[in-house]
Amino acid sequence: MGATATGKSLHFCSSQDPLSFLSLTKTKSKAETLNLNFRFSKPPLTPNSRRLRLSIRASSPSSTALNDPPLPSLTNSDLQLRVRILSESLPYIQKFRGKTIVVKYGGAAMKSAELKASVVRDLVLLSCVGLRPVLVHGGGPEINVLLNQLNIPAQFRDGLRVTDARTMEVVSMVLVGKVNKDLVSRINYAGATAVGLSGMDGRLLVARPSPNAAQLGFVGEVARVDPTVLQTIVDNGSIPVIASVAADEYGQPYNINADTVAGEVAAALGAEKLILLTDVAGILRNREDPGSLVKEIDIKGVKKMIEEGKVGGGMIPKVNCCIRSLAQGVTTASIIDGRVEHSLLHEIMTDEGAGTMITGKQ
């Protein structure tokens, strides 16, 4: 990978993808403020120009065709921060280049147009610089909207959706047919190539009923993962986008927690990193003190925090998901704040990260 600068343009080049280049756009609005925008396009190819280019060029600050919000104006301090982050990113690009990163997308990042656009840009940029991202998603808010429109009551027990046959049909419609295809379209529009999947496709996931199936209905767990179809997609330079729905051996669909699916997929792929986007800053030593964020902890330490009651509620299944993936060979697992724009880049490409990283050290 190399970089060249000409006038007001900065080009990052890679031989990994001969068909596209990422344009990092620098614009001036009527108020003479500066905006940055990631935009992909495909340049004409010659025998000597098969490389990936990242450039800065003039552009309109309008929203994208997929209704992404306009990018905010940047102050000098904002620009200096971005330059510092770019400077810090080189060793991380070198470290993670060619490595698989599994990201679970959900929570506030699915509700906000700004955060949704941020996640898409981060994924495309990571792919552009040589990482191999895999996206796993849920879609709870979207499911609730359609259930309400169909006058089907949404019921929850111990934080899990009670899923009868009618609700399971809605879950499949929303996750596979709507949320998944929307994310695929956004990633494709941003210039990468995304492939949408559910657990049923390519026998990626086989489900089994939850131990509490009598109370929860068609809520399942992951019985096994066959990553063959994913390997083909990732090796081709594309981004898999996986809806957390799978069928059992008899073809019965199940609704599976997206954190669980992400952890099992990360383990099956031998991922370098698992990242869970959440609606909290990460693991806190004191749940009442947002300033008590634990930046890094090992498995032994986080298990002790659970025993001491410092980790509780909805954070416990997320932590257990991370522990299970680490035990199966994933190098690190992070729980990060999905409410912060570009938290993925902060976690992977900066020194300070964006949440709590759990390591496999005992």
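# Sheet, helices and salt bridges in a predicted model

In this predicted model, eight strands form an open sheet of mixed pairing, in the order S10-S13-S7-S6-S16-S18-S19-S17.

Me: Which strands are the edge strands of this sheet?
Reply: The order of the open sheet begins with S10 and ends with S17. Each of these two pairs on one side only. The edge strands are therefore strand S10 (194-198) and strand S17 (296-298).

Me: By how many degrees are neighbouring strands of this sheet turned against each other on average?
Reply: The sheet holds eight strands with mixed pairing. With direction ignored, the average turn between neighbouring strands is 20 degrees.

Me: In S7, which residue is the bridge partner of Val103?
Reply: S6 and strand S7 (residues 132-137) pair in the parallel sense over six bridges. Within this pairing, the partner of Val103 in S7 is Leu135.

Me: What angle does the direction of H8 make with that of S6?
Reply: Helix H8 packs on the sheet, where it touches S6, S7, strand S13 (239-243) and S16. Between the direction of H8 and that of S6, the angle is about 175 degrees.

Me: Is H8 roughly parallel or roughly antiparallel to H10?
Reply: Helix H8 (residues 258-269) and helix H10 (residues 315-327) have axes 9 Å apart and pack at an angle of about 10 degrees. Angles under 35 degrees count as roughly parallel. H8 is therefore, with respect to H10, roughly parallel.

Me: How many residues of the contact of H8 with H10 are charged?
Reply: H8 contributes Asp259, Thr260, Gly263 and Glu264 to the contact, and H10 contributes Lys318, Cys321, Arg324 and Ser325. Of these residues, one is nonpolar and three are polar, while the number of charged ones is four.

Me: Which residues are linked with Asp259 in a network of salt bridges?
Reply: The side chains of Asp259 and Lys104 meet in a salt bridge at 3.4 Å, N to O. Asp259 lies in helix H8 and Lys104 in strand S6 (residues 100-105), 155 residues apart, and both residues are buried. The network links Asp259 with Lys104 and Lys318.

Me: Is Asp182 buried or partly exposed?
Reply: Asp182, in helix H5 (residues 165-189), forms a salt bridge with Lys116, which lies in helix H3 (residues 113-128), 66 residues apart from Asp182. Lys116 is buried, with a relative accessible area of 14%. The relative accessibility of Asp182 is 26%, so this residue counts as partly exposed.

Me: How many residues apart in sequence are the parts that Lys273 and Glu347 tie together?
Reply: The side chains of Lys273 and Glu347 meet in a salt bridge of 3.4 Å, N to O. Lys273 is buried at 2% relative accessible area, and Glu347 is buried at 9%. Because Lys273 lies in strand S16 (residues 273-278) and Glu347 in helix H11 (residues 343-349), the residue separation of the parts tied together is 74.

Me: Is Arg203 buried or exposed?
Reply: Arg203 lies in the loop between S10 and strand S11 (205-209). Its phi is near 50 degrees, a positive value in a residue other than glycine. With a relative accessibility of 69%, Arg203 counts as exposed.

Me: Is His342 buried or exposed?
Reply: His342 is placed in the loop between strand S18 (332-337) and H11. The phi of His342 is near 60 degrees, a positive value in a residue other than glycine. Because its relative accessibility is 16%, His342 counts as buried.

How values were computed. Residues are numbered from 1 along each chain as its sequence is written. This is a predicted model: local features need pLDDT of at least 70, side-chain atom pairs count only at pLDDT 80 or more; totals for chains, interfaces and linings use all residues. Side-chain values use heavy atoms; hydrogens and water are left out. Axes are lines fitted to C-alpha atoms, for helices over the stretch in contact, and angles run from 0 to 180 degrees between N-to-C directions. Helices (H or I, at least four residues) and strands (E, at least two) are DSSP runs, numbered from the N terminus. Angles under 35 degrees count as roughly parallel, over 145 as roughly antiparallel, 65 to 115 as roughly perpendicular and the rest as oblique. Contact means heavy atoms within 4.5 Å. Ala, Val, Leu, Ile, Met, Phe, Trp, Tyr, Cys and Pro count as nonpolar, Asp, Glu, Lys and Arg as charged, and the others, Gly among them, as polar. A salt bridge is a side-chain nitrogen of Lys or Arg within 4 Å of a carboxyl oxygen of Asp or Glu. Buried means under 20% relative accessible area, exposed over 50%, partly exposed in between (1.4 Å probe, protein chains only).
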